[in-house]
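Ready for a short tour? Open your viewer, keep the selection box handy, and follow along one stop at a time.

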Amino acid sequence: MSNTYSLIIFQLLLIAVLSRAVYRRFFHPLHIYPGPFLASITNVLKFYYYMQGSLHVVEQELHQQHGPIVRTGPNSLSFSSPEAFESIYGFNHGIEKGDFYAFARDKGTGASNIFSARTHAEHRDRRRKVVGAALTASHVRSYSPIVAKHVQQFLSSLSTASADAKDNVLNIAEPVHAFSFNTFAELIYGPSLSITDQPWSDTASGEGILTAFRKLSTFAWGASHIPSLSWIFSTSPVLKMTRKPTFNAAGIPTGISALAGRARLLLLEDPNLVTGVDQPSIAKSMLVIEKGNSRYMEPGETYKECFNLLFAGQGSTAAALTGILERLGSQDGLAWQDMIRSELKQVNEASESKVLDAVVRESMRYSAPFPSAFPREIQPGAEMAIAGVRTPLPVGTVVASNSWIVSHDKGLWGSDAGLWKPERWLDVKGDAGKKSLEDKFVVFSKGPRGCIGRDITMMILTQVVAAIVSKWRIESTGEMKSSAWLEMQIEWCGLKFTKI
Ligand code: HEM
C-alpha cells in the first residue's frame, strides 16, 4: 500500500515539474525572447557556467548567436547593447536590486548594507552615511600613507620570494591577494586590528583567511543565481555549518570567524581602540560621526558596512592587480613598462603618470575584475524602460548586462576590442574624447549604484604598479589560470622578476 502512495506522490511531483517546465518554455511572458532551451526552464545552466568561470564568454557567444536580448534564465534576460546597459544601471528608479543580493541582507531583520539596499530611498540613505562619512576624495587622500606602507611590505616580500624562487619565477596570485586583503583590512579597521606588527594574513588568526574569502565570495555570488539554493544557504542549519568557527593547532581562532570576532571587539565593544589612534581608517571616520548628524550610524551598522567594504574591495582589487601585472609582463607589455618608468621620472607621483593610468584602465577593460552581469529587477513603471525592449517586461523580470561583454563590444571599442591596447586611452582628442572614453568604461558599473571604491582602488593600483615596475622588469610566463574567473579567483599567474 505504502508503495502505491509513494508512486502516486512521485507521479504528481513529476507532473508538477513537467507542467512548470512547459509553462516556462512556451507560455511564460519571456518565451518570446531567444536563448538556450535549458535556460528557459532552469537557472542551473547559469549557475554551472558561473562556477566554471566562463559565464561571461558563454553569454557573449549567446548574444552573437541570438542578438542583443537573450533569455538566460526562466525569469532573466541578458542585454548586450551599451544603450541597454545605460538604461539598466542609469538613473531609472523603477529598476532595483532584487533577491540576488539577499546574501548580503540580514537574515533576521532583512536590513541591508549599501551594496544590497533594495530601494532607491534606502540606498540614498546608506550612500550618504558610508561615502559621506568615510570615502570622500579627502578621506581617500588621507589613506594614501597606509597604502604606501603596505606597498613597501609587499615589495619586500616579493623581493625575498622572487630571489628564492626557481629562475626568479613566482606565482603572484596568492601574494597579490594577500597584499590587497591586508591593505584593505588596515584601511578599514585601522592599525589596532592586528595585535602584532604583522599584516593580518600573516598572523596566527589570519591563517586560512584568503581561502575563506575566496570560498565565501564564490558561493555567495554563485548561489544567488539559483533562488532556491540561496534560500537553502540562508537557513539556520546551513548557516551554522558554514559559519562554524575554525581554530589552528594551538587552539587560536582563525579564518573569517576570528576576523569577525576581532572586528566586533574593535567596533562594538571597545571602539576607543579605533577612534583613539591617530592613523585614519574607514571605521574611525564612521565611528566619530555624532548622533544627530545625518551620516551617523549605530555601531552595529558600522560593523556591517565595514565587513561589506572588505568583502567588496579585497578580491576585486587583487583580480585587477593580477590582470594588470600579467598584461604588463606580456610581450606587448614590456615596452609599456619602459614607458611607465620613463614617465615616472618626470612626474611627482604615480597618479600623474598618464601612461600608467592608460595601462591600468586598459588592463581592467581587457581582463575585467568582475566579468559579471549584476542583476536588477523591473518595478512598476519600468516595464518599457530598457532600450531595445519591444513589449512591456513583467514586473519582477530579472535584467542584466554583463560589463565584460560591453567592454569587448566591437561596435563600441572598434574592431580591435579583443586586443590589449593601452594607447586607446592616450590617443584622445580633447575633453569630448575623454568623456566618450569614460562613458564606455563600465568596469566599475555606472549610475547611482556604481562602485564607491573606485578612487581608493585606482590609488592602490597606481601606487603598487609604479613601485613594482620601478624595481623590476617583469615577464609573464604564460596565461593566467583560474577555475572561476571572478574577482580574486585567479589561481596561477607566473611572473619572472628581474631587478633593474
Ligand atoms: C578593481 C576593483 C573594483 C571593481 C572592478 C569594482 C566593481 C564594482 C561594480 C561593477 C559594482 C556594481 C555592482 C552591482 O551593481 O551590484 C560595484 C559596487 C560596489 N563596490 Fe566596487 N569594485 C572595485 C573595488 C571596490 C572597493 C575597493 C570597494 C570598497 C572599498 C568597493 C565597494 C563597492 C560597494 C560598496 C559597491 C555597491 C555600491 C552601491 O550600491 O552604492 N568596490 N563595484
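How many of the residues of strand β1 (residues 69–73) are buried? Select that strand to begin, bearing in mind that the model is predicted. Strand β1 is mostly covered, with 5 of its 5 residues buried.

**Stop 1: a pair of strands**

Now add strand β2, residues 76–79, to your selection. It runs antiparallel to β1, and 4 bridges join the two strands. To see one pairing up close, click on Val 70: its bridge partner in β2 is Ser 78. Then look at the connection from β1 to β2, which is a hairpin through 2 residues.

**Stop 2: the nonpolar core**

Next, select Ile 88, Ile 188, Ala 283, Cys 306, Ile 324, Val 359 and Val 465. These are the residues with the most contacts inside the largest nonpolar core, which has 108 residues. Helix α16 supplies the largest share of this core, 11 residues. As background, nonpolar side chains tend to be buried together in soluble globular proteins.

Stay with Val 359 for a moment. Setting aside neighbours within four places in sequence, Val 359 is in contact with Ile 324, Leu 328, Trp 336, Ile 340 and Pro 422. Ile 324 is thus a good second click, being on the list of core residues with the most contacts as well.

**Stop 3: around the ligand**

Show the ligand and the residues around it. Which residues are the closest? They are Gly 313, Ser 316, Phe 374, Cys 451 and Gly 453, out of 22 residues that surround the ligand. Colour this shell by residue type and you can sort it into 13 nonpolar, 7 polar and 2 charged residues.

Two helices to highlight here are α16 (299–328) and α22 (454–471), as each supplies at least two residues of the shell. The largest share, 6 residues, comes from α16, the helix you already met at the core.

**Stop 4: Cys 451 and its loop**

Zoom in on Cys 451, which sits in the loop between α21 and α22. The unreviewed UniProt entry carries a "binding site" annotation that covers Cys 451. Is Cys 451 buried or partly exposed? It counts as partly exposed because 17 other C-beta atoms lie within 10 Å, and a buried residue needs 20 or more. Leaving aside neighbours within four places in sequence, Cys 451 is in contact with Phe 444 and Ser 445.

Move along to Ser 445, which is in the loop between α21 (430–440) and α22 too. Its phi is near 60 degrees, a positive value in a residue other than glycine. Most residues other than glycine have a negative phi. Ser 445 is partly exposed, because it has 18 C-beta neighbours inside 10 Å.

**Stop 5: another positive phi**

Jump to Asn 168, in the loop between α8 (144–164) and β4 (169–171). Asn 168 is not a glycine, yet it has a positive phi of about 60 degrees. With 16 C-beta neighbours inside 10 Å, Asn 168 counts as partly exposed.

**Stop 6: Trp 425**

For the last stop, select Trp 425 in the loop between α20 (410–413) and α21. Trp 425 is partly exposed, with 19 other C-beta atoms within 10 Å. Use the distance tool between the C-alpha atoms of Trp 425 and Val 355: they are separated by 8.6 Å, although the residues are 70 apart along the chain. Apart from its neighbours within four places in sequence, Trp 425 is in contact with Ala 358, Arg 361, Glu 362 and Leu 437.

Conventions: Residues are numbered from 1 along each chain as its sequence is written. This is a predicted model: local features need pLDDT of at least 70, side-chain atom pairs count only at pLDDT 80 or more; totals for chains, interfaces and linings use all residues. A residue is near a molecule or strand if its C-beta atom, placed from the backbone, lies within 6 Å of it. Ala, Val, Leu, Ile, Met, Phe, Trp, Tyr, Cys and Pro count as nonpolar, Asp, Glu, Lys and Arg as charged, and the others, Gly among them, as polar. A nonpolar core is a set of buried Ala, Val, Leu, Ile, Met, Phe, Trp, Tyr and Cys residues joined through C-beta atoms within 7 Å. A residue is buried if 20 or more other C-beta atoms lie within 10 Å of its own, exposed if 12 or fewer, and partly exposed in between; C-beta atoms are placed from the backbone. Two residues are in contact if their C-beta atoms, placed from the backbone, lie within 7 Å. Two strands pair if DSSP finds at least two bridges between them. UniProt positions are given in the numbering used here, feature names are shortened, and annotations may be inferred rather than shown by experiment.
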